[in-house]
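Me: I have a model open in front of me and would like to talk through how it is put together. Could we take it one question at a time?

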Amino acid sequence: MDGVDKEKVQRVVYEMSKGSKYFENEERKEALIRQKIEHMRARAAKLSASDLSHYQKVADKRILELDSTRDLSRIWLHVDMDAFYAAVETLSNPSLKGKPMAVGSMSMISTANYEARKFGVRAAMPGFIARKLCPDLIFVPTDFKKYTYYSDLTRKVFWDYDPNFMAASLDEAYLDITKVCEERSITGAEIAEELRSRIHEETGLTCSVGVAPNRLLAKVCSDINKPNGQFVLPNDRMAVITFISSLPIRKIGGIGKVTENILKGVFGISTCEEMLQKGSFLCALFSHSSSDFFLSVGLGLGETDTPEARFRKSISSERTFSATEDAALLYQKLADIAKMLSADMQKEGLSGRTLTLKLKTASFEVRTRAVTLQKYISSSDDILKHASNLLKAELPISLRLIGLRVSHFNEDKGGVPGAPTQKTLTTFFKSGDASRRTGDDQRSLGSDLSDLHFISEKETAISLENNETCHHEFGDPFERKHLSDIDDKNCISSINAYEMEKIDELSSNKTAAMVNTTDVKEWTTKSPKRDLSRVSEDDSSVQREPEDSNPDRLNKEPSTSGNEEFFSLNQMEMLFWVDDYKCSLCGAELPSSFVEERQEHSDFHLAERLQEEESGTGSSSLIPRLRIVPKDCSGSQNRRKKHKSSPKQGMHLPIDSFFTKKSSGQ
């Protein structure tokens with residue numbers, strides 16, 4: 001893009017997009033950036049001289065610590081194919097050589113060759129703007145099958161130099177060439193020259209290469225002598241410091257448009273060296289990890305170790321098209337994407353349980369909707385079935401992009417495939433799975449089965465400290481009954497009560513009834529900070545506050561014991577739907593009309609907890625169960641029932657056996 005009249009390009013982009021939905025979206029993003037800058041400036045202005053002096057010492061100390069970790073023993077090579085998609089198309093159709101050409105359409109461009117870039121045409125630019133900049137521009141449709149074929153050819157060459165190379169995308173990769181340089185007694189520059197020559201011989205394509213002591217610098221170096229060139233940065237500290245000092249911050253991977261504008265607009269930072277000079281501000285106003293990253297960039301530090309192999313966490317497919325609100329066309333697009341995603345999953349032998357739908361509206365607003373299923377899916381029919389339900393809830397809508405992502409694979413837990421279907425809680429308790437556990441297993445589910453999920457006529461609260469189980473009555477939440485006393489060995493008090501708008505009636509079979517989370521609209525706390533719960537060995541009563549005080553808060557009588565233990569309500573995981581849409585535990589979004597899917601989602605979370613408890617993974621974080629009082633109880637009288645005596649020491653009853661026992665006794 002050197003030599004391009006950037007002012008002309010910006011003027012054309014402005015004139016061509018003014019008044020469009022794209023332009024309005026860009027204006028919104030610019031406004032957000034300005035707001036962030038103003039907010040950061042206000043925070044910086046509040047820093048006193050003593051504050052800056054303190055943070056300067058913090059920055060100086062951190063710079064010394066980071067510099068001491070510098071590793072100059074490795075040689076990293078970053079290879080980047082030159083205008084890859086366009087080069088492959090030119091290779092397939094030699095008549096395009098020397099002509100301005102872009103891969104994509106009038107809607108959006110994936111990449112452009114170097115002839116087109118001279119006019120200011122670039123990737124991620126709308127095609128109609130590119131045509132305005134370059135009237136003779138030729139459009140070629142994308143062909144990912146062809147690009148994947150040539151990418152595989154290049155990777156065979158990479159493997160000869162580093163079997164553990166890191167593929168960053170179809171057209172770029174990182175190679176640790178330290179070993180091959182030592183074995184062959186040659187330099188990184190010679191390896192780079194040889195690799196570029198071999199790639200051209202094998203594919204007919206050219207590439208650019210950067211060689212440096214770490215991956216961050218190698219990527220920067222590969223961009224210096226593009227196209228078909230290379231740049232080598234010696235493994236020398238002074239050479240690295242000199243190279244990085246005058247480097248524009250936007251050249252660094254991880255510093256994009258927003259971060260660049262904040263660093264420039266607030267601190268006047270435009271080069272990497274200036275990050276070290278303004279280290280006090282960075283340490284004062286950014287998080288520890290962010291400030292460490294900025295200081296590392298200023299020192300020219302980057303990753304040098306080959307990362308361990310990681311399991312794929314998700315797989316996705318999406319497509320952009322001209323904005324439309326035709327429901328039939330949108331469903332057809334969705335079906336096509338489901339087929340592509342299914343093919344990719346089956347190719348890798350994957351099946352997942354969480355499906356996410358991504359939508360970009362005509363106004364460039366991005367929405368995501370997700371559903372977590374009982375069973376693992378991979379077929380296009382299953383994907384399309386659930387994706388269609390998610391899309392149906394959003395119609396009518398005008399869209400320009402649809403994407404699908406599947407995650408929560410069956411290999412997630414240590415690479416071992418999970419069960420093909422997730423049991424429901426009812427099935428679990430009625431099956432032999434629950435009855436197989438006897439009194440020999442002293443593990444307790446405790447708060448993992450919170451009151452939001454299970455309510456029975458008799459509630460079981462479990463104390464881990466004295467291994468006792470205390471029983472007390474739990475009445476119908478819609479009947480204004482009094483609070484029962486808790487065992488005098490385990491008095492829980494000073495906790496927040498939660499407001500409850502709607503809960504399903506208790507199950508008629510009077511087993512461990514499960515509250516349908518699809519009907520729980522909203523749970524809120526009266527205070528933004530949850531109070532601590534206090535457990536006392538002597539205090540044996542829980543009282544309501546007077547009627548003229550907050551009716552939704554529990555209070556306790558003064559404790560006379562010095563041996564007190566504290567438990568935080570923050571440890572209680574409670575599933576509810578935020579704004580009647582979003583799961584509070586995993587963030588999955590489900591409309592209220594998805595009754596069956598919400599029930600499956602609830603079953604999944606609860607049964608997963610049970611399975612984790614079976615494997616012993618969740619026992620360390622158990623806390624006593626806390627009573628939750630619906631707001632309907634505010635007018636109840638402060639009455640008490642006689643609390644029942646606790647079982648003897650050592651007679652702990654596992655909660656799964658408790659439920660099975662009740663079920664069999666009915």
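Me: Which strands does α7 lie across, and at about what angle does α7 run to β6?
Reply: Happy to help, and do keep in mind that this is a predicted model. The helix α7 lies across β1, β5 and β6. Taking the N-to-C directions of the two elements, the angle between α7 and β6 is about 10 degrees.

Me: How far apart are the end C-alpha atoms of α7, and what span should its 18 residues have?
Reply: Helix α7 covers residues 144–161. At 1.5 Å a residue, counted for one less than the number of residues, the expected span is 26 Å. The end C-alpha atoms agree with that, as they are apart by 26 Å.

Me: Within what arc do the buried residues of α7 fall?
Reply: The buried residues here are Y147, Y150, S151, L153, T154, V157, F158 and Y161. On the other side of α7, K145, K156 and W159 are exposed. Seen down the helix axis, the buried residues line one face of α7, because they fall within an arc of 155 degrees.

Me: Which elements do the buried residues of α7 pack against?
Reply: Two strands of the five-stranded sheet, β1 and β6, belong to that sheet's order, and both are among the packing partners of α7. The full list is β1 (76–81), α4 (84–92), β2 (101–104), β6 (172–176), α8 (178–184) and α9 (188–203).

Me: Which strands are the edge strands of the open sheet?
Reply: The sheet has five strands in the order β5-β6-β1-β7-β8, with mixed pairing. From one strand to the next, the twist averages 15 degrees. An edge strand pairs on one side only, and that describes β5 (166–169) and β8 (230–232).

Me: Which residue in β6 does A167 stand opposite?
Reply: Strands β5 and β6 pair over three bridges, in the antiparallel sense. In β6, the residue opposite A167 is A173.

Me: Which helix supplies the largest share of the largest nonpolar core?
Reply: This core has 34 residues, and I252, L263, F267, M275 and F286 have the most contacts inside it. Helices α2, α10, α11, α12, α14 and α15 each supply at least two of its residues. The largest share, five residues, comes from α10.

Me: How many residues are in the other core that includes Y161?
Reply: In soluble globular proteins, nonpolar side chains tend to be buried together. Apart from the largest core lies another, with I177, V180 and A192 among its members along with Y161. Its size is 32 residues.

Notes: Residues are numbered from 1 along each chain as its sequence is written. This is a predicted model: local features need pLDDT of at least 70, side-chain atom pairs count only at pLDDT 80 or more; totals for chains, interfaces and linings use all residues. Side-chain values use heavy atoms; hydrogens and water are left out. Helices (H or I, at least four residues) and strands (E, at least two) are DSSP runs, numbered from the N terminus. Buried means under 20% relative accessible area, exposed over 50%, partly exposed in between (1.4 Å probe, protein chains only). The arc is that of the directions from the helix axis to the C-beta atoms. Contact means heavy atoms within 4.5 Å. A nonpolar core is a set of buried Ala, Val, Leu, Ile, Met, Phe, Trp, Tyr and Cys residues joined through side-chain atoms within 4.5 Å. Two strands pair if DSSP finds at least two bridges between them. Axes are lines fitted to C-alpha atoms, for helices over the stretch in contact, and angles run from 0 to 180 degrees between N-to-C directions.
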